[in-house]
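Let's take a walk through a protein together, beginning with one residue and then stepping back to see the whole chain. Have a look at the picture before reading on.

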Amino acid sequence: MGLIVQKFGGTSVGSIEKILNVAECVRGEKERGNQVVVVVSAMGKSTDQLVNMAKEISEQPNKREMDMLLSTGEQVTIALLSMALNQKGLEAVSFTGWQAGIMTEPVHGNARISKINTDAVQKQLHAGKVVIVAGFQGVTEDGEITTLGRGGSDTTAVALAAALNADKCDIYTDVTGVFTTDPRYVKNARKLLSVSYDEMLELANLGAGVLHPRAVEFAKNYNVRLEVRSSMEKVEGTVIEGEATMEQNLVVRGVAFEDGITRVTVLGLRNSLTSLSTIFTTLAKNQINVDIIIQSTTEEGAANLSFSIHTDDWIPTLNVLENNKETLAYDQLDAENKLAKVSIVGSGMISNPGVAAKMFEVLANSNIPVKMVSTSEIKVSAVVEEKNMLKAVEALHEAFELGKIK
């Protein structure tokens, strides 16, 4: 008997019919003799609906109350799935995140899991029951409900798999695996049979919505066997593992993209030695994540600093910087919205020089101006205008011959 953790996303549980389909999938795993823990997201677009209702009341809702509100979405799904399994003759019990022992840091809206007490889950598994856990949520030491950020159900599933020492964690979604890019936008995108933890972590961080970055981090750190699979089709998925075993000839293995990027520029920083640390420490204390960073020096000896953030953080970022203007000692702020980030990813870049040059040549030939650049050993990212995002993705996907994978 093995222990399997299954995770089903919002589209996979978006209706009663789909929940019944999930119940069949769970029953199949149970009938193979395995213990099963199921992690689910909120149904369909219900989280978006809750967010919209909150924003009808306040443009900047209280973060604690948002966690109270958003955590209800998953609770609907766990109860309905438990009912469906019991109706099919399988004993099942549903747990909220805190009932399942998922403890988090005291941060609302984007908390990290600090530890998991698996006693309650283990007790029900030993009793022969299927345990259904609400994803995306946990509780602090003080009993405050928290959420893990969008896509946090992936993190819940992989963290539970690690804590329970599960044999496998299957992430069920509305696609059949991890593709070279999003097949909804690029018709000749191809499914990869395997992807390394490092490549998947870059893809997830750069906008590929198949897996949450923290989930990949957990999988890598605890060596969790992970597979992305379809909840609707019984086909082979994509295995996430230490080193990809297939398509080794590919230098670039994926093109990721993300819209909703804003570039913030801080002009005239007068104390360039300490201003960088002060600015980013101040932003970090306010839970604002910064991505690409560029600094330049003026003829007068001052510094100009540009960095990219998610557009959702644009107003809070400007407020923080303006409220600390005297301490930060700068002249003025500037911001540019309606930007996007396009990235190429592949572990083969390490041993193949010229990949970045080819990327920028492709973008130049497509008349796509580049606003900012970021690189690592296995990825190159470029910030472009949002209107050019898909054009850039298609050009890069074709140039690196990703549509030719068999």
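Is E29 buried or exposed? Keep in mind as you look that this is a predicted model. To find the residue, go to helix α1, which covers residues 16–31 and includes E29. E29 has a relative accessible area of 7%. Buried means under 20%, so E29 counts as buried.

Who surrounds this residue? Setting aside the neighbours within four places in sequence, E29 is in contact with I4, Q6, N34, V36 and D170.

Now let's step back to the whole protein chain. Its secondary structure consists of 12 helices and 20 strands. Measured out along the principal axes, the C-alpha atoms fill a box of roughly 75 × 50 × 35 Å. How does the radius of gyration fit with a compact globule, and what value does the chain have? For 406 residues, such a globule would have a radius of gyration near 22 Å, and the protein chain agrees because it has 22 Å.

E29 is buried, and buried residues make up 52% of the 406 residues in the chain. Contacts tell another part of the story. Take those between residues at least 6 apart in sequence: 74% of them join residues at least 24 apart.

Finally, turn to the surface and the charges. The protein chain exposes about 19,200 Å², and carbon and sulfur atoms supply 47% of that area. As for charge, there are 39 positive and 50 negative side chains, and the centres of these two sets lie 4 Å apart.

Definitions and conventions
Residues are numbered from 1 along each chain as its sequence is written. This is a predicted model: local features need pLDDT of at least 70, side-chain atom pairs count only at pLDDT 80 or more; totals for chains, interfaces and linings use all residues. Side-chain values use heavy atoms; hydrogens and water are left out. Helices (H or I, at least four residues) and strands (E, at least two) are DSSP runs, numbered from the N terminus. The radius of gyration is taken over C-alpha atoms; the globule rule is 2.2 Å times the number of residues to the power 0.38. Buried means under 20% relative accessible area, exposed over 50%, partly exposed in between (1.4 Å probe, protein chains only). Contact means heavy atoms within 4.5 Å. Accessible areas come from the Shrake-Rupley method with a 1.4 Å probe; for residues, only the protein chains shown count as cover. Lys and Arg count as positive and Asp and Glu as negative; His and the chain ends are not counted. The place of a charge is taken as NZ of Lys, CZ of Arg, CG of Asp or CD of Glu.
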